[in-house]
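The following exercises concern a metal site, two sheets and the nonpolar cores of one protein. Please work through each task before reading its solution.

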Amino acid sequence: MTAFVVDAPATPAVPVDGEGAAFPVRRILCVGRNYAAHRREMGGDDRDPPFFFAKPADAIVPPGGDPAYPPRTANLHHEIELVVALKAGGLDVPVDRALDLVFGYAVGVDLTRRDLQAAAKDKGQPWDSAKGFDGSAPISAIRRWDGAPPQGRIWLSVNGQVRQDASVADMIWNLPEIVSEASKLWRLAPGDLIFTGTPEGVGALQRGDRVEGGVEGVGELAFRIV
Ligand code: MN
């Protein structure tokens, strides 16, 4: 047992639907521009392939938690996303083996300081403060899953009004391709979460807003911005 000079940080964890044990979060990868209509609403070129960025593991807000409106932004955006949780890892995982790594799926929101992201894009600076801030990854419980990935409706509402409503079948990189592409850049491992990108309809949130969202067959999440 290693002695540490300060208290070791707790392992962020996400509950698993219907089980007593939780899923420990090692790392959060995120896919950008994985739905064509969202790529267009963000001003992207139709030929640009999706790409990855990351959030720290402790950005997770487990079910029942309410994320705080973060400092230093006046344009906090919601992005509803299907999240894949990995039970195994590896480097250079072929597409036809990628689903072997999947523990299950959850529903997540990639909260984004859109104003800081726009400034970073203008200056060619990194996105960490726009994407990887405290409480930037609210998530539902994880549902264990075998076989073909979810293909159904993905939606998000704010104060009861539906803002995002699409199908996860519309992703540009499908689920096995996302896992395979990620494994070309990082050695994946159990505990990794991948946020798989958001469809069109992203928009601003205010303090007090009630956010609800879901992915058909996977689950739902709900929280308030406090
Ligand atoms: Mn996103």
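**Exercise 1. The metal site**

Are E79 and D110 buried or exposed?

*Solution.* The model is predicted, so local features need pLDDT of at least 70 and side-chain atom pairs count only at pLDDT 80 or more, whereas totals for chains, interfaces and linings use all residues. Residues are numbered from 1 along each chain as its sequence is written, and side-chain values use heavy atoms, with hydrogens and water left out.

Step 1. Both E79 and D110 are buried, a term that means under 20% relative accessible area, with exposed over 50% and partly exposed in between (1.4 Å probe, protein chains only).

Step 2. Along with E81, these residues coordinate the manganese ion: E79 and E81 through OE and D110 through OD, at 2.0 to 2.1 Å. Donors are N, O and S atoms within 2.8 Å of the metal (3.2 Å for Na, K and Ca); water is not among the atoms, so sites may look incomplete.

Step 3. Along the chain, the donors have the spacing E-x1-E-x28-D. E79 lies in the loop between β6 (76–78) and β7, and D110 in the loop between β8 and β9 (112–113), 31 residues apart.

**Exercise 2. The two sheets**

Identify the strand order and the edge strands of each open sheet.

*Solution.* Strands (E, at least two residues) and helices (H or I, at least four) are DSSP runs, numbered from the N terminus. Two strands pair if DSSP finds at least two bridges between them.

Step 1. One sheet of 3 strands follows the order β9-β6-β15 with antiparallel pairing. β9 and β15 (203–205) each have a single partner strand, so one side of each lacks a neighbour in the sheet. Between β6 and β15 there are 3 bridges, and H78 stands opposite G203 in β15.

Step 2. Another sheet has 4 strands in the order β13-β12-β16-β17, again antiparallel. Its edges are β13 (161–167) and β17 (219–224). β12 (residues 153–158) is joined to β13 by 6 bridges; W155 has D165 as its bridge partner in β13.

**Exercise 3. The nonpolar cores**

Which residues have the most contacts inside the largest nonpolar core?

*Solution.* A nonpolar core is a set of buried Ala, Val, Leu, Ile, Met, Phe, Trp, Tyr and Cys residues joined through side-chain atoms within 4.5 Å.

Step 1. The largest core has 40 residues, and Y105, L175, I178, V179 and I194 have the most contacts inside it. Among the elements supplying at least two residues each are β8 (102–109) and α4 (175–185).

Step 2. Beyond its neighbours within four places in sequence, V179 is in contact (heavy atoms within 4.5 Å) with L86, A98, L101, L188 and I194.

Step 3. A second, separate core of 21 residues includes V14, F103, L193 and F195.
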